[in-house]
Amino acid sequence: QVQLVESGGGLVQAGGSLRLSCAASGRTFIHHGMGWFRHAPGKVREFVAAVRWSGGSTNDADSVKRRFTISRDSAKNTVYLQMSSLKPEDTAIYYCAATTFGGVITTDRMYSYWGQGTQVTVSS
């Protein structure tokens with residue numbers, strides 16, 4: 001069984017920053033990929049960023065490039081999403097996910113495990 005618990009969401013003004021955390025437990029993730037997705041009201045869930053658990057490769061959606069950074073701390077079994085220069089259109093529920101595929105995966109259907117989500121609201 002895999003558990004993913006997100007934290008760090010909240011209300012922030014446009015231009016501000018937040019750091020989301022995703023604590024993983026239940027199995028080793030050394031061969032897994034991890035990702036962040038978001039779901040805004042009236043929109044489909046979209047990819048935000050992904051990282052290889054073993055480190056190195058990352059991938060960010062065009063809409064967040066140069067503003068969001070994904071990283072992981074293997075010792076803490078935690079994945080982070082550092083968000084800067086936040087915009088009102090970044091408002092969404094953000095989900096952490098884990099895939100048994102080892103690469104940098106951008107497609108949500110390839111992820112098997114999901115957290116409960118954390119709300120991020122950016123005011124204008």
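**Exercise 1. Count the helices and strands of the protein chain.**

Solution. In this predicted model, local features need pLDDT of at least 70, side-chain atom pairs count only at pLDDT 80 or more, and totals for chains, interfaces and linings use all residues. Residues are numbered from 1 along each chain as its sequence is written, and side-chain values use heavy atoms, leaving out hydrogens and water.

Step 1: Helices (H or I, at least four residues) and strands (E, at least two) are DSSP runs, numbered from the N terminus.
Step 2: The protein chain has eleven strands and zero helices.

**Exercise 2. Work out how the rings of Phe37 and Tyr111 are arranged.**

Solution. Step 1: The structure holds four aromatic pairs. Rings of Phe, Tyr and Trp (its six-membered ring) pair if their centres lie within 6.5 Å; planes under 30 degrees apart count as stacked, over 60 as edge-to-face and the rest as tilted.
Step 2: The ring centres of Phe37 and Tyr111 are 5.2 Å apart and their planes stand at 80 degrees, so this pair is edge-to-face.
Step 3: Phe37 belongs to strand β4 (residues 33-39), while Tyr111 sits in the loop between β9 (92-99) and β10 (113-114), so the pair ties together parts 74 residues apart in sequence.

**Exercise 3. Are Phe37 and Tyr111 buried or exposed?**

Solution. Step 1: Buried means under 20% relative accessible area, exposed over 50%, and partly exposed in between (1.4 Å probe, protein chains only).
Step 2: Phe37 has 1% relative accessibility, so Phe37 counts as buried. Tyr111 is buried too, at 5%.
Step 3: Both residues belong to one aromatic cluster with Phe47 and Trp114.
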